[in-house]
Amino acid sequence: MRKLGEYSAIYSIGAAGYSLIEVLWRGFTHWTMALTGGLCFLLIYVTEAANESTPLWKKCMVGSLIITLAELVVGFIVNIILDWKVWDYSSMKFNFHGQICPLYSMLWFLLCIPASYICSKLRRILRNR
């Protein structure tokens, strides 16, 4: 039951945090991005916990891959199947069906630097209650 509380807190922080980042970056967000941000942060948190001694650059690579794959899956659902037009990277170089692109994968890598430290700090806080 304690893990459920820990993971719920992490998911909520990720959902709120990503929504805030997106509002600051683009000026708006979509509710599906809150769900996706929460899931990504939770997956990064769990991955970080299992690989605490891994070098930061490797953690960021894995985090970027997690976010990029989530963006691809969610993009196909919300943008292509449901046609909600939440985002479109079609104008970006080397994009894949307008859903993912190398530039944003690099930005996810950079975002994972502070995310890694935040995950580590939150793990200490939540597990020492």
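This text walks through the helices, salt bridges, loop residues and surface patch of a predicted model.

The helices come first. Two packed helices are described by the angle between their axes and the distance between the axes. Helix α1 covers residues 2–26, and its axis comes within 7 Å of the axis of α2, with a crossing angle of roughly 125°. That angle makes α1 oblique to α2, because the oblique class takes in angles that are neither under 35 degrees, nor over 145, nor from 65 to 115. The crossing of α1 past α2 is right-handed.

A second pair of helices can be described in the same terms. Helix α4 spans residues 102–127, and the axes of α3 and α4 come within 8 Å while crossing at roughly 120°. This makes α3 oblique to α4. Here too the crossing is described as right-handed.

One residue of α3 gives a view of how parts of the chain meet. Alanine 70 is found in helix α3. With 13% relative accessibility, alanine 70 counts as buried, since buried means under 20% relative accessible area. Its C-alpha atom is 8.5 Å from that of leucine 39, although alanine 70 and leucine 39 are 31 residues apart in sequence.

The next topic is charge. Side chains of opposite charge can pair when their charged atoms come close. How many salt bridges does a search of the whole structure find? The search finds five.

One of these salt bridges joins glutamate 22 to arginine 26, with 3.3 Å between the closest N and O atoms. Glutamate 22 and arginine 26 both belong to helix α1, and because they are four residues apart there, about one helical turn separates them. The two partners can be set side by side for accessibility. Glutamate 22 has 7% relative accessibility and so counts as buried. Arginine 26 has 27% relative accessibility and counts as partly exposed.

Another salt bridge is formed by the side chains of glutamate 48 and lysine 59, at 3.6 Å from N to O. Glutamate 48 lies in helix α2 and lysine 59 lies in helix α3, so this pair ties together parts that are eleven residues apart in sequence. Is glutamate 48 buried or exposed? With a relative accessible area of 4%, glutamate 48 is buried. Lysine 59, with a relative accessible area of 16%, is buried as well.

Salt bridges also form a network, which links Lys3, Glu6 and Arg127.

The loop between α3 and α4 holds a further charged pair. Aspartate 83 has its place in this loop, and lysine 85 lies there too. Aspartate 83 forms a salt bridge with lysine 85, and the closest N and O atoms are 2.8 Å apart. The relative accessible area of aspartate 83 is 45%, so this residue is partly exposed. Lysine 85 reaches 60% relative accessibility and therefore counts as exposed, the cut-off for exposed being over 50%. The backbone is also worth noting at these two positions. Aspartate 83 is not a glycine, yet it has a positive phi of about 55°. Lysine 85 likewise has a positive phi of about 55° without being a glycine.

The last topic is the surface. Which residues form a nonpolar patch there? The patch is made of Trp31, Leu35, Val73, Ile77, Ile80, Ile81, Leu82 and Trp84, and together these residues have about 810 Å² of accessible area. Two elements, α2 (31–50) and α3 (56–81), give two or more residues each to the patch. The largest share comes from α3, with four residues. Tryptophan 31, a member of the patch, is found in helix α2. Its relative accessibility is 53%, so tryptophan 31 counts as exposed.

To look back over the helices, α1 and α2 cross at roughly 125°, and α3 and α4 cross at roughly 120°. Helices α2 and α3 are joined by the salt bridge of glutamate 48 and lysine 59, and both helices contribute to the nonpolar patch.

Methods: Residues are numbered from 1 along each chain as its sequence is written. This is a predicted model: local features need pLDDT of at least 70, side-chain atom pairs count only at pLDDT 80 or more; totals for chains, interfaces and linings use all residues. Side-chain values use heavy atoms; hydrogens and water are left out. Patches are made of residues with over 30% relative accessible area and no salt bridge: like charges are joined within 9 Å, nonpolar side chains (Val, Leu, Ile, Met, Phe, Trp, Tyr) within 5 Å. Accessible areas come from the Shrake-Rupley method with a 1.4 Å probe; for residues, only the protein chains shown count as cover. A salt bridge is a side-chain nitrogen of Lys or Arg within 4 Å of a carboxyl oxygen of Asp or Glu. Buried means under 20% relative accessible area, exposed over 50%, partly exposed in between (1.4 Å probe, protein chains only). Axes are lines fitted to C-alpha atoms, for helices over the stretch in contact, and angles run from 0 to 180 degrees between N-to-C directions. A crossing is left-handed if the near helix is turned anticlockwise from the far one by less than a right angle, and right-handed if clockwise.
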